[in-house]
Amino acid sequence: MNENRGKAQRLFARLAREFPRRAHPVPLGSHRALDGAVITHPDARDPALVAKLRTVAGRVLGGG
């Protein structure tokens, strides 16, 4: 466990140093790329799967 803790600490320190200070521009409209991707009716969606996807697709799944 101590070895894993040390690895995690080094990883976070590296990320803090190397992570870009500013986000790079993305192609115009790419923030809306999933708008038409989910066609399953909300009543037919598996709640467990929706929960897993909420972080990356919450806005189009109706939860964010």
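**View 1. Lysine 7 and glutamate 3 sit about one turn apart in helix H1.** In this predicted model, both residues belong to helix H1, with their positions 4 residues apart in the numbering. Their side chains pair up in a salt bridge, and the closest N and O atoms are 3.3 Å apart. How open is each partner, exposed or partly exposed? Lysine 7 is partly exposed, at a relative accessible area of 42%. Glutamate 3 has a relative accessible area of 56%, so it counts as exposed.

**View 2. Glutamate 18 and arginine 14 make a salt bridge in helix H1.** Here the closest N and O atoms are 3.2 Å apart. This is another pair set 4 residues apart, about one turn of the helix. Glutamate 18 comes out as exposed because its relative accessibility is 53%. Arginine 14, at 47%, is partly exposed; the cut-off for calling a residue exposed is over 50%.

**View 3. Aspartate 35 meets arginine 59 in a salt bridge.** The N to O distance in this one is 2.8 Å. Which parts of the chain does the pair link? Aspartate 35 lies in the loop between H1 and helix H2, while arginine 59 belongs to helix H2 itself, which covers residues 47-61. The two are 24 residues apart, so to speak a link between distant parts of the chain. Aspartate 35 is partly exposed, with a relative accessible area of 38%. Arginine 59 is also partly exposed, at 38% relative accessibility.

**View 4. Arg32 joins Asp35 and Arg59 in a network.** Step back a little from the previous pair and Arg32 comes into the picture. Salt bridges tie Arg32, Asp35 and Arg59 together. How many salt bridges does the structure hold? The count is 4, and the pairs shown in the earlier views are among them.

**View 5. A nonpolar patch lies on the surface.** Now for some side chains of another kind. Leu11, Phe12, Leu15 and Phe19 make up this patch, and together they have about 450 Å² of accessible area. One of its members, leucine 11, is found in helix H1, which runs over residues 2-18. Is leucine 11 buried or partly exposed? Leucine 11 is partly exposed, because its relative accessible area is 46%, and anything under 20% would have been called buried.

Technical notes
Residues numbered from 1 in each chain as written. Predicted model: local features only at pLDDT ≥ 70, side-chain atom pairs only at ≥ 80, totals over all residues. Heavy atoms only, no water. Patch = residues over 30% accessible without salt bridge, like charges linked within 9 Å, V, L, I, M, F, W, Y side chains within 5 Å. Areas by Shrake-Rupley, 256 points an atom, 1.4 Å probe, with all protein chains shown as cover. Buried < 20%, exposed > 50% of the residue type's maximum accessible area, 1.4 Å probe, protein only.
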